[in-house]
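Trainee: Please pick one part of this entry and go through it closely. I would like a single connected account, with the cut-offs stated.

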Number of protein chains: 2
Amino acid sequence: MEFISYHENLLKYLLYISKEDLEIAISHIHPEDILDALRLYEGDKKDILSKLPKDILVDVVDQAEDEEKYELLSIVSEARQKHIIDEMSSDELTDLLGSLSNEEANKIIYKMNIDDAKEIRELLSYEEDTAGGIMATEFIAIKEDMSIANTLKYLQKEAPNAETAYYLYVLNHNSKLRGVVSLRDLVINDFNVEIKDIMNENVISIPWDMDQEEVGNIFEKYGLLTMPVIDNSNRMLGIITADDIFEIIREEDTEDIYRLAGLDEDEKIERNIRESVKNRLPWLFVNLFTAILASITVSFFEGTIQRIVALATFMPIVAGMGGNAGTQTLTLIVRSIALGELTIDNTKKVLLKELGIGIFNGIAIGLSIGILSFLWEKNIIFGVVIGVAMILNMLIAAISGFGIPIILKKLNIDPALASAVFVTTMTDVLGFFFFLGLATLLIDFL
Amino acid sequence: MEFISYHENLLKYLLYISKEDLEIAISHIHPEDILDALRLYEGDKKDILSKLPKDILVDVVDQAEDEEKYELLSIVSEARQKHIIDEMSSDELTDLLGSLSNEEANKIIYKMNIDDAKEIRELLSYEEDTAGGIMATEFIAIKEDMSIANTLKYLQKEAPNAETAYYLYVLNHNSKLRGVVSLRDLVINDFNVEIKDIMNENVISIPWDMDQEEVGNIFEKYGLLTMPVIDNSNRMLGIITADDIFEIIREEDTEDIYRLAGLDEDEKIERNIRESVKNRLPWLFVNLFTAILASITVSFFEGTIQRIVALATFMPIVAGMGGNAGTQTLTLIVRSIALGELTIDNTKKVLLKELGIGIFNGIAIGLSIGILSFLWEKNIIFGVVIGVAMILNMLIAAISGFGIPIILKKLNIDPALASAVFVTTMTDVLGFFFFLGLATLLIDFL
């Protein structure tokens, strides 16, 4: 909330400053802030865009969201359009084209020179959520027999076009990745030294088809700023930079948070009602179906409830508490799968631990509610029935909260997507079944 | 799960290779992988640690988790301990010391030289979750009248000790931040040019007391790799690097995911049962309390349920569906607050949108369950009662799912921590109240 007034002021400034004055002042404004100011502007964005120097415009479009990129592109002149497309980084351009219809995308590709167009078509052929789909192709490649002095000369020419110049990749004549040199290595060594003497051959690289979630985990694990992407024969295809990873981590985490709550991953507060309803309602209907399953379970015991109506009062507690405990376990498991923390090695240990927690928590909550309901209803068997049902349901919660995400993962279904509904169906249906079933068995003592 | 066999092999290799051979091979192994192999080893870790060259040992400890750092430190020789402490980066050392008792921390501080100790004490004075608490002090500071050639010479001496050498910060004589130069700027310009002619004065900097969650948002927004931290008079205190940000984003996201599910933020699959029970059980008791509130609501209507026992069957549906819809809204709002997307500007718009969705979804679900229960119970008023109760409860879900996180945020309580329990209490209690209350009013027609 802190930036609002700054961006409002910036917007006024952008609107009323002359084109000449803006050219001088613009280097003090970050493109991302210009973008934020543009987002606030409800008038014709052309008023501002036409004033921006063209290289700033490239940066602004480069940093925009995919749909925004297209919107901005479509309101600038043909000449500026071409300039932006030529200068945009390949990963951003790929994201933009990937979000368009084939027809719209081709319109843009036709404006590119042949080499760039070929490269972009290749980038578009990778799956969007894999290393190939997020990499950029503008990296700096050098040979191992170059001296540092020569490398620096080469850099003066090449660095302005590269996505990052901090790491230089040493490739052999087949484009196979042999090593990496950082700019820091270059400047701290004698300029006569050859690259092969300072290069680090121990390069951690990313296969082109790795899922972006795993790419994010590897960046986090090794704390790297840039990583090379290679094909199956160790040929270097591109690089992935840290700034893309921030977005990927956020995107993947948001996806998990939303899916756990029954929202689809593209949910946004800015969405319109129609889209949101279209996306949330199906999930509510799935839940309605499971709620009806639970109701059917209850309906089998209407006779019992008719005789002991207090059962209806306590009914939601057993099912609800099972749902809460199950959600705790399943959330832990879903998150640990996403972060790569749950491994073949520790699965059994974690299962035993969750079962243990289920038993302990079950006894603690079961005893409490048992005693409480005994005091309330003045019937010890009533207390025993609800207490035992609670313990059983907490065990079900632990087992299903642990097992369902793992089964879904094995079936290649995102555990975040469907675990919650399965687990609460289990705890609802079985919670009612245990409680009302036990009450039916012991009805003569209630 | 993919890395397991690699790390097991690595472990065997580390155990059985001679110290001399290891010294040659070690440059091909990433410290993070050594750490993973160590984690698998159940024997005395000394066997491996004593073989590692001391600079590799520094990197391994540097990348370990806080508690692990201490464990590793405490099993190496005094001399190696001192070397590690001298060479570790200040931000990692601060994290380590912050996780120890005062006594343990002082034992380590006494081993440091006076200047380092002073610096570390200062770093320890910042709140752990703020910019000051996560920054490192090893940055490269230069003056604006230096030439590039002189700067490069200076770098050759200083870069090896710096956290990052990619950005050089231009400070005036009062340590105030005047600009920034990237290593890339240095190498692509003529070596006679002075720093002031190439420095970028438009530096985005982070105030020392900014919360780490917001720091993460700023890194993501601007796509930066390093940012300077300043005090209230624009004096530069340290830097934050992208690798720390990966961890912070993950940590903050995990915290939100866990808190939404009633787990505390330190929950780990590797935790022991006792700790997990100690942390999950209080949350379950809070939920038990709210479940009892819902039960008390039901108990007021026992007379009604006694006469129409079918109400007990349908009871959980109204409350449960309200809970599901409320969770959708609250999760969206909690996440949007965390990502800084919910601003003063759009709050009202979002509220209206969520209300609209609540009405639409309420009518859709209300109609469905109304018709279904009419078909089941063969009573149109029964259908009307449950349908209307459902619509009302879906509205409550939208209002509380929207309002409760915002109120908690205003009260400076993390919305992820307590929203879920408040929202489901509302939808449970009011869901039962609407459904059973309406049924009581219309009991003569049921």
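Mentor: Helix angles under 35 degrees count as roughly parallel, over 145 as roughly antiparallel, 65 to 115 as roughly perpendicular and the rest as oblique. The model is predicted: local features need pLDDT of at least 70, side-chain atom pairs count only at pLDDT 80 or more, while totals for chains, interfaces and linings use all residues. Residues are numbered from 1 along each chain as its sequence is written, chains are lettered from A and ligands numbered from 1 in the order in which they are written, and side-chain values use heavy atoms, without hydrogens and water.

The part to look at is helix α19 of chain A, with the helices around it. Helix α19 of chain A covers residues 310-338 (helices are DSSP runs of H or I, at least four residues, and strands runs of E, at least two, numbered from the N terminus). An unreviewed UniProt entry lists residues 281-301, 307-334, 355-374, 380-408 and 420-443 of chain A as "transmembrane region"; such annotations may be inferred rather than shown by experiment. In the model, residues 307-334 of chain A are 93% helix and 0% strand, and 42 Å separates their end C-alpha atoms. For residues 380-408 of chain A the content is 100% helix and 0% strand, with 41 Å between the end C-alpha atoms.

Helix α21 of chain A (residues 380-410) packs on α19(A) at an angle of about 30 degrees, and the two axes are 8 Å apart (axes are lines fitted to C-alpha atoms, for helices over the stretch in contact, and angles run from 0 to 180 degrees between N-to-C directions). α19(A) and α21(A) are therefore roughly parallel. Their contact draws on 22 nonpolar, five polar and one charged residues.

A second partner of α19(A) is helix α16 of chain A: the axes come within 12 Å and cross at roughly 155 degrees. That makes α16(A) and α19(A) roughly antiparallel to each other. On the α16(A) side the contact (heavy atoms within 4.5 Å) uses A:D253, A:D256 and A:L260, and on the α19(A) side A:L330, A:T331, A:V334, A:R335 and A:A338. By class these residues are four nonpolar, one polar and three charged.

Helix α16 also leads to the other chain. The helix spans residues 242-260 of chain A and packs against helix α15 of chain B, residues 212-222, with axes 8 Å apart and an angle of about 120 degrees. The two are therefore oblique. A:F246, A:E247 and A:R250 of α16(A) meet B:N217, B:F219 and B:E220 of α15(B). This contact has two nonpolar, one polar and three charged residues. As for the interface overall, 100% of the interface residues of chain B are also interface residues in chain A, so the copies meet through the same surface.

The unreviewed UniProt entry also assigns "domain: CBS" to residues 135-198 and 199-255 of chain A. Residues 199-255 of chain A are 44% helix and 23% strand, with end C-alpha atoms 39 Å apart. For residues 135-198 of chain A, helix accounts for 33% and strand for 22%, and the end C-alpha atoms lie 26 Å apart.

Definitions and conventions
Ala, Val, Leu, Ile, Met, Phe, Trp, Tyr, Cys and Pro count as nonpolar, Asp, Glu, Lys and Arg as charged, and the others, Gly among them, as polar.
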